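Here are my notes on this one, written with the bench in mind. Have a look at the model first, then read on.

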Amino acid sequence: MTHRNAAHSKLGIPPEIFARCRVLAQTITTPIDAFVRERTTVAIERTLLRLIGVDGADADGRPYPNIAVEHLCAQGGLGYGILRPLVHAMVSFDLTPQEACEAIAAGEVTLDLHPTDPRDAEVQALAQRLADQALQRILQTREERARRMAAAAPMKDPLLYVIVATGNIYEDAVQARTAAIQGADVIAVIRSTGQSLLDFVPYGPTTEGFGGTYATQANFRIVREALDDVGAQLGRYIMLCNYCSGLCMPEIAAMGALERLDMMLNDALYGILFRDINPQRTLIDQSFSRRINALAGVIINTGEDNYLTTDDAVEATHTVLASQFVNEALALQAGLPPEQMGLGHAMEMDPQLRHGFLYELAQAQLVREAFPQHRLKFMPPTRHMTGNTFRGLVQDALFHLLGGWTEQGILLLGMHTEAMHTPHIADRKIALETAQMILSNTAGLGDELTFRPGGVLQSRASETMDKTLALLEETAQRGLWDMLAAGRFAAVARHPEGGRGLSGVARREATYLDTIDARLRRATGTPTTEGGAA
């Protein structure tokens, strides 16, 4: 990845303005981190089970992690956490984590929230061994990625990113291989519509989905194997992307870490704003999931591009930039370095707008200058795409030009048939060929051109920066909870007590065993959990 010079601004933005934004973002997110450290969720507890080896589902298709955590919650024990009572049962009955959860499902074992026998030291020791083994599995997968990438041709920015979305994982694998042969660097398997609202992860391979394919561990494995196979033939490493947003954010992050996904959609606010998932639940889950992403070496992609599909793309660009600073601060708290942050934004202004290209250029350049070391993810036009495929091809060509010009790190290629159907193989081929031609033909353009002092580009960027700073200052003063409730981001109002999933949140009890969380925090260089045995 290219390390860019952050000192010189073509847009004339003083570096101290960006520094001020980061101070404000830290002010905004520090109370959130304190709130998160005191709480857990059903998704986090299920993730802990998955990390220590619990998998599978019963005859009715209920995942064993869900069954065990539901058993815990039925006793009012979510705040005590799953690890201590489960490991106590393992010690008492000489069971593996999988056997213990299957015994709970069969009604043969009842979790004891307040064990009184003298085996606590043995429980603690076993929990620590399980935590070490869990983290080692993730690190081994990360090392495998590094080994494969070192043996392959070097990857160059921008990474060309395309999607597959058939609903059938086996067909997704075929289309993913084809896209890799056509030149794609990243394949994203679009998740089935509505999966983010499921409070469980389906088990096994799936062949039916609406608008995409279910994110399951088996499905991750199938496409990963297909891309490894075609990558070996091409002498390239092909990255795999999927989504860990939603009610199962940390669980899917763990599955991605274990199956060697390379990118995951992981935004701090997306589920709140666009899926009406409870803000408390989302912010707690994103913190834990990002620590998993950080340890696994996974690049996160944030979702600020969605702001411009619900709010005006000309008037609301400052909300995108403000959210990116907040997302960055939360990611840093979780131990993610800048090179693992694919902060998202999009080209979504009306193509008929006078000076529209200049405004888009100013925004893309501003984001690049604000985040010089980050793998920015630039999203193509969708809101103003129509059934006119000729116009769509021109809009996408302008997008590809902007992406190369401003050195975006990840370029999600536009499809000229956007708004008509999910992409066909031929659509991706056209998109890849067009992008490759434009990027090659205009290579170095950004280095050759300067911006006119006081011109449209600099004026637009300065105006956006002033609004961004004002929004961050207001958020620092009022607090993120209040600003979300007031609808100040993406023109969508979300209350901290509203939305889906709040019943799955609990404050940690004093005896909460945070062995895995504590080790994740130490491994990723983030503050250790306050309270609870480690």
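1. First, a term: buried means under 20% relative accessible area, exposed means over 50%, and partly exposed is in between (1.4 Å probe, protein chains only). This is a predicted model, where local features need pLDDT of at least 70, side-chain atom pairs count only at pLDDT 80 or more, and totals for chains, interfaces and linings use all residues. Residues are numbered from 1 along each chain as its sequence is written, and side-chain values use heavy atoms, leaving out hydrogens and water.

2. Take helix α16 (helices, H or I, have at least four residues and strands, E, at least two; both are DSSP runs numbered from the N terminus). Its buried residues are D427, R428, A431, L432, T434, A435, I438 and L439. Down the axis of α16 they fall within an arc of 170° (taken from the directions from the axis to the C-beta atoms), so they line one face. M437, S440 and N441 sit exposed on the face turned away.

3. What covers that buried side? Among the elements are α7 and β2. In α7 you'll find A180, which is buried at 0% relative accessible area. Beyond its neighbours within four places in sequence, A180 has contacts (heavy atoms within 4.5 Å) with I187, V230, L234, R236 and I238.

4. On to salt bridges: a side-chain nitrogen of Lys or Arg within 4 Å of a carboxyl oxygen of Asp or Glu. The count comes to 33. One of them pairs R221 with E259, closest N and O atoms 2.9 Å apart. R221 is in α8 and E259 in the loop between α9 and β5, so the pair ties together parts 38 residues apart in sequence.
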